[in-house]
Amino acid sequence: MEAVITVFAVLFLLFVALGAYATVKAVGAAKRGVDRGIAQARRTVEDHTLRAKSFAQPGPAGELAQLRLTLRTSMRATQETLYAGAAEDESLKESLGLFERLSTHGRELDADLKRLEAEPDRATLAARLPELRRRTERITTSADSLRWAARDRARRFSDDDLDVLGAQIDVEAGALRHWTHTEPATPAPPPWPDAPATGDAPAARPQTWQDAAAGRPAGKPADPAIGPAAPRPAYPWQKKPRPESTT
């Protein structure tokens, strides 16, 4: 009885542990989903704010907002392209490593631009703009190069697959239409020449038929099949033949 109770207690504890683990995983997944939603909403709001500042604020402040918007848009588009392509193309793993290193410089630049948005000294801000513009252009150019290279690679693979698929479809379509291929007609044999006219025929000659057995003209007497036996030669040691008895 105690063994049965122990088994049930162990099973109960296992079910409780599994339930707790499943609950923690579900809560964690829900939390990550909420965090992703919040981060996406925050990025969307910040992008719209930067776009509004770039149009509404003239001078260095508006250019700072435009630089931040350009940097964020380029980096986000490159990240989405590379991560989507790496799931199908293993060769993009190295490109992802390069992009992560580039993202470190991009985040540093974005933080510098965000701090300078609150800079009250416009003269200092204007003096810093050329260097910030060059940094932004270098990072976005590298990000755009990675993004377009990944897209060109994916499009090339798609074109190659489409070419192979088109060739296979052409072969299959030809096989399905096999009845449309007519066999070449066999040429008819040449006609027999016409018999010569009676008036143009040469003088009639007696026609002889070859004997099929002996190869001689018909009407000639046939040679005897077996000729008369030739006389045997007589030798001195042979006895003379005796006449047959008449009795």
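These are my notebook entries on the fold, surface and salt bridges of a predicted model.

**Entry 1: fold**

I began with the secondary structure. The protein chain has four helices and zero strands. Read from the N terminus, the order is α-α-α-α. I noted the ranges as I met them: helix α1 covers residues 2-56, helix α2 covers residues 60-86, helix α3 covers residues 93-116 and helix α4 covers residues 122-176.

**Entry 2: burial and contacts**

Next I looked up burial. The protein chain has 247 residues, and 17% of them count as buried. I took the accessible surface too: about 20,400 Å², with 62% belonging to carbon and sulfur atoms. Then I turned to contacts between residues at least 6 apart in sequence. Of these, 65% join residues at least 24 apart.

**Entry 3: a nonpolar patch**

Which residues make the nonpolar surface patch of about 800 Å²? I listed Val4, Val7, Phe8, Val10, Leu11, Leu14, Phe15 and Leu18. I picked one member to check. Valine 10 sits in helix α1. Its relative accessibility is 44%, so I logged valine 10 as partly exposed.

**Entry 4: salt bridges between helices**

I searched the whole structure and got eleven salt bridges. I followed up glutamate 63 and arginine 133, whose closest N and O atoms are 2.4 Å apart. Glutamate 63 is in helix α2 and arginine 133 is in helix α4, so this pair ties together parts 70 residues apart in sequence. Are the two partners buried or exposed? Neither label fits: glutamate 63 is partly exposed at 27%, and arginine 133 is partly exposed at 35%.

My second pair was arginine 68 and aspartate 110, with 3.0 Å between the closest N and O atoms. Arginine 68 belongs to helix α2 and aspartate 110 to helix α3, and the pair links distant parts of the chain, 42 residues apart. Both of these residues are buried. I also traced a network of salt bridges here: Arg68, Arg72, Asp110 and Glu117 are linked in it.

**Entry 5: a salt bridge within helix α4**

I then checked aspartate 144 and arginine 147. They form a salt bridge, with the closest N and O atoms 2.7 Å apart. The two are three residues apart in helix α4, so about one helical turn separates them. I compared their exposure. Aspartate 144 has a relative accessible area of 25% and is partly exposed. Arginine 147, at 9% relative accessibility, counts as buried, because the cut-off for buried is under 20%.

Methods. Residues numbered from 1 in each chain as written. Predicted model: local features only at pLDDT ≥ 70, side-chain atom pairs only at ≥ 80, totals over all residues. Heavy atoms only, no water. Buried < 20%, exposed > 50% of the residue type's maximum accessible area, 1.4 Å probe, protein only. Contact = heavy atoms within 4.5 Å. Areas by Shrake-Rupley, 256 points an atom, 1.4 Å probe, with all protein chains shown as cover. Patch = residues over 30% accessible without salt bridge, like charges linked within 9 Å, V, L, I, M, F, W, Y side chains within 5 Å. Salt bridge = Lys/Arg side-chain N within 4 Å of Asp/Glu carboxyl O.
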